[in-house]
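This report covers one helix and its surroundings, the contact between two chains, the nonpolar cores and one buried strand residue. The structure is shown first.

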Amino acid sequence: MKLSVWTYEGPPHVGAMRVATGMRGLHYVLHAPQGDTYADLLFTMIERRDRRPPVTYTTFQARDLGSDTADLFRTACEDAVARFRPEAIIVGASCTAELIQDDPGGMAETMDLGGIPVIPLELPSYQRKENFGADETFYQVVKRLAQPMERTARPTVNILGPTGLGFRHRDDVAEITGLLADMGIEVNVCAPMGATPADIARLGAAHANVLLYPETGETAARWCEKTLGQPFTKTVPMGVGATRDFIAEIRAMLPDALAPSEAGLRLPWYSASVDSTYLTGKRVFLFGDATHVMAAARIARDEMGFEVCGMGCYNREFARPMRAAAKEYGLSALITDDYLEVERAIEDAAPEMILGTQMERHIGKRLGIPCAVISAPVHVQDFPARYSPVMGFEGANVIFDTWVHPLVMGLEEHLLHMFREDFEFHDAAGPSHHGGKAVARAEDAGGQPPDPRSISGPVMEETGADVVTWLAEAERELKKIPFFVRGKARRNTETFAAERGVREISVDTLYEAKAHYAR
Amino acid sequence: MPKPPATGCGAAPVLKERGQREVFCGLTGIIWLHRKMQDAFFLVVGSRTCAHLLQSAAGVMIFAEPRFATAILEETDLAGLADAQDELDNQVAQLLARRPDIRQLFLVGSCPSEVIKLDLGRAAERLSAVHAPHVRVLNYSGSGIETTFTEGEDACLAAMVPALPEANAKSLLIAGALPDVVEDQMLGLLRAMGIEDVACLPARRAEDLPAVGPETVVALVQPFLGETLAALTRRGARHVEAPLPFGDEGTTAWLWAVAREMGVDADTFARVTEAPRARARRAIAAASETLNGKSVFFFPDSQLEIPLARFLTRECGMDAVEVGAPFIHRAIVGPDLDLLPEGPTISEGQDVDKQLDRARAARPDLTVCGLGLANPLEAEGLTTKWAIELVFTPVHFYEQAGDLAGLFARPLRRKEKLRLEAAE
């Protein structure tokens with residue numbers, strides 16, 4: 001039993017729904033009790049879809065348990081096929097139906113459903129989660145329907161991984177399709193998003209696969225490599241360097257591919273321009289799904305000039321690559337799906353900015369740390385009306401804007417340093433380009449607002465405060481430092497003091513530490 | 001006030017359907033109950049699906065101090081049940097150590113915990129003994145196999161009834177969670193009529209538990225409290241039958257039924273209700289301009305459908321095409337059914353695809369439905385009102401009557417306002 005306040009991933013059958021909803025002509029018959037239909041609203045409300053997910057739920061009730069829930073499943077299956085006329089169906093159970101062991105897969109396979117392919121899913125609800133559910137479902141669909149076949153005459157690729165309810169999948173697919181077109185490469189099939197079962201059957205016609213989302217498409221990509229002889233791309237084209245590496249990978253696979261234009265790419269100049277100097281060395285904490293975090297770390301360090309001070313992911317399946325990536329940044333990766341643990345890690349690292357999920361956005365709000373969202377779990381805000389990819393060259397531009405927006409900008413930051421005690425123009429008022437009412441500074445309000453704890457209990461002071469003490473004057477001086485660097489200053493000073501065996505921090509210690517860490 | 005219809009829907013045939021039900025489970029009630037009871041914590045014993053539902057159901061993630069959490073069952077818990085009870089004890093001990101402000105803990109059963117027959121009643125008894133007197137531990141089931149949406153609140157309140165203290169004198173008990181502001185308005189009206197001894201279930205804090213006994217009369221402000229009413233009746237309380245307090249007519253009839261029961265005379269009643277009644281009428285009239293003559297179709301959701309259809313047809317001039325409810329408690333919504341003019345299909349339960357076919361055929365001016373159906377129906381050209389807003393918004397009694405009509409009018413007004421078609 002594991003106590004959970006918030007979850008990063010839904011159950012695996014929601015992953016299967018993301019595949020079914022992303023596709024066309026595929027229907028999902030899900031053996032599940034009535035409440036499980038809540039999952040429809042993820043797609044109709046968060047993603048604003050204009051049609052119901054292609055899912056039929058058996059919605060059994062307690063009174064059915066005594067009689068025949070299996071019968072209910074058979075009827076639901078027949079009705080769904082008759083009403084929606086899908087090209088193929090996937091069948092499976094949610095967590096509760098898994099316990100009653102009706103074996104929906106076995107039942108459906110023995111039914112007369114007009115000869116359409118029936119793909120049974122085994123998704124262990126008490127062990128695995130949403131990303132696994134999507135990856136496994138897509139793999140089962142591909143394994144069942146795709147066949148080796150003659151390659152297209154022109155160089156083509158498939159795009160694998162995008163699903164319904166994916167973080168920026170809609171725009172990433174458009175951006176990468178455009179990039180490939182610029183290289184003279186056509187997309188044979190994009191799947192699951194937009195594909196029909198008939199499209200899946202012709203995956204084999206492509207010369208290679210572009211794996212955009214390893215979380216949801218890697219198992220299928222590996223199967224295609226083995227069975228259809230298609231190589232797949234290993235670099236996710238997020239950020240300038242990664243997009244260029246991705247292009248190189250494609251050109252190695254498909255010798256006819258052309259070099260695409262970089263005409264619309266603005267990130268390098270924006271980052272090099274003097275206005276961006278203030279971004280230098282900003283300490284950022286990264287958390288999200290492994291793919292987005294690993295890509296974001298490279299952008300943060302190499303393309304924005306940030307310092308990555310913490311990174312991790314919630315999907316344990318990618319713990320190994322995540323740990324390896326973190327090592328490159330001199331860090332040890334945080335692998336957890338416990339929101340409270342992430343919150344503690346962020347508090348300890350005291351970053352100047354968080355690049356995380358919607359959950360870290362709330363952690364940031366509580367701790368007074370700016371945050372930009374880089375990864376699922378998705379929120380209605382992650383489906384903007386405007387074109388907003390995070391992959392390819394336009395994606396790099398979007399990332400630059402998104403990451404800079406939460407920060408206090410260049411000269412404003414300097415002014416805050418210079419006139420720390422101005423009653424209107426102070427750090428608690430927030431960046432001036434953001435909405436919201438500026439609050440007048442309360443007398444001697446020591447930085448962060450009182451922290452309404454959830455169930456995480458008392459905060460353990462692990463930054464060395466139990467070893468070193470702050471003298472009152474030094475504490476006052478610390479409060480004059482703007483909040484967005486105060487955490488770093490406190491931490492640096494304590495580390496500095498501890499390393500030198502200094503037990504009491506005075507104003508002098510504070511400034512000696514400042515000089516020591518100057519850059 | 002219009003006269004009651006010659007023939008209401010009280011005796012109308014009910015279309016009973018069984019098929020796919022597009023509804024929430026009872027766990028959803030935790031979203032408002034944990035705010036209503038400020039020293040209560042709701043611990044769902046369930047699966048990742050339950051946790052995911054709770055953070056998705058409200059359409060937003062509520063991050064400020066959640067007083068609910070899910071103890072997610074894992075493979076090991078499913079293997080041996082004795083284990084699961086020990087695990088639960090540990091989780092609860094940790095939780096209560098971290099949250100000393102909690103006075104009531106609800107162990108909430110879910111589909112998986114019901115199917116594996118995890119005995120939460122036994123757990124609650126054991127844990128109550130351990131953590132008494134500071135914390136009272138109760139249990140109820142919010143599982144989808146047993147409860148539909150608002151039935152979760154019913155199960156929660158019913159679970160509290162056996163622990164209520166005994167009342168010996170004549171008293172009035174109001175059952176059903178109301179927003180604090182609305183509850184205060186209601187208590188103000190009752191006090192102005194001279195009814196002082198009023199208690200509410202649920203109370204805002206654990207120490208304010210209402211008493212109940214053979215001299216207690218109980219009035220319901222929510223239509224979905226069948227189990228709670230049965231539990232209170234077992235404690236000797238007597239039910240005051242009345243339409244639900246929505247709109248001018250419902251509120252007046254409800255208050256009058258209560259007032260009569262508590263010995264308030266007609267003059268006092270008229271004096272107290274006159275001004276707010278007039279305000280309610282004016283406010284309803286303003287919003288009704290949009291609603292008058294329009295047709296409405298209710299998909300089953302919260303059991304509020306019948307009382308609301310009564311309000312919309314009798315006070316706002318709408319025509320009901322179909323009024324679907326997940327479950328119809330005749331003992332509670334009977335008076336509303338009697339007032340609802342004959343004509344609409346009254347349906348109970350659901351077969352969502354068939355019901356969608358009926359809605360498409362009827363093409364009502366306004367469709368009241370759940371979040372999973374609203375955007376797809378909008379895309380088909382229908383105008384919809386999300387039903388869940390009706391349980392998340394103050395809508396009861398006089399001062400909210402105009403807002404209630406406004407909730408239904410807004411989608412129609414919006415459709416009239418938007419000019420999005422291409423130029424001819």
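## Helix 1 of chain A

In this predicted model, helix 1 of chain A (residues 12-22) is mostly covered, with 11 of its 11 residues buried. The buried residues run from A:Pro12, A:His13, A:Val14 and A:Gly15 through A:Ala16, A:Met17, A:Arg18 and A:Val19 to A:Ala20, A:Thr21 and A:Gly22.

The cover comes from both chains. Chain A contributes elements including strand 2 (26-31), helix 2 (39-46), strand 3 (55-57), strand 4 (88-93) and helix 7 (130-145). From chain B, helix 2 (48-57) is among the covering elements.

## Contact between chains A and B

In total, 49 residues of chain A are in contact with 53 residues of chain B. On the chain B side, two or more residues each come from helix 2, strand 3 (68-72), helix 3 (75-79), helix 4 (81-98), helix 5 (111-115) and helix 15 (371-379). Helix 2 of chain B gives the most to this side, with 8 residues. By class, the chain B side has 28 nonpolar, 13 polar and 12 charged residues.

The chains also share strand pairing: strand 1 of chain A (residues 2-4) and strand 3 of chain B are antiparallel and joined over 3 bridges. Within strand 3 of chain B, B:Ala71 is the residue opposite A:Leu3.

## Nonpolar cores

The largest nonpolar core holds 272 residues, and A:Leu286 and B:Leu43 have the most contacts inside it. Helix 13 of chain A (residues 290-303) gives the most to this core, with 8 residues. A second core, separate from it, has 6 residues, among them A:Trp470, A:Phe496, A:Ala497 and A:Ile505.

Beyond four places in sequence, B:Leu43 touches B:Ala69, B:Ala71, B:Val92, B:Leu95, B:Leu105, B:Phe106, B:Leu107 and B:Val108. One of these, B:Ala71, is the residue that stands opposite A:Leu3.

## B:Leu173

B:Leu173 belongs to strand 6 of chain B (residues 171-175). Is this residue B:Leu173 buried or exposed? B:Leu173 counts as buried because 24 other C-beta atoms lie within 10 Å, where the cut-off is 20 or more.

Setting aside neighbours within four places in sequence, B:Leu173 is in contact with B:Ala199, B:Leu201, B:Pro210, B:Val212, B:Thr216, B:Val218 and B:Ala237. B:Leu220 is 47 residues from B:Leu173 in sequence, with 8.5 Å between their C-alpha atoms.

Technical notes
Residues are numbered from 1 along each chain as its sequence is written. Chains are lettered from A and ligands numbered from 1 in the order in which they are written. This is a predicted model: local features need pLDDT of at least 70, side-chain atom pairs count only at pLDDT 80 or more; totals for chains, interfaces and linings use all residues. A residue is buried if 20 or more other C-beta atoms lie within 10 Å of its own, exposed if 12 or fewer, and partly exposed in between; C-beta atoms are placed from the backbone. Helices (H or I, at least four residues) and strands (E, at least two) are DSSP runs, numbered from the N terminus. Two residues are in contact if their C-beta atoms, placed from the backbone, lie within 7 Å. Ala, Val, Leu, Ile, Met, Phe, Trp, Tyr, Cys and Pro count as nonpolar, Asp, Glu, Lys and Arg as charged, and the others, Gly among them, as polar. Two strands pair if DSSP finds at least two bridges between them. A nonpolar core is a set of buried Ala, Val, Leu, Ile, Met, Phe, Trp, Tyr and Cys residues joined through C-beta atoms within 7 Å.
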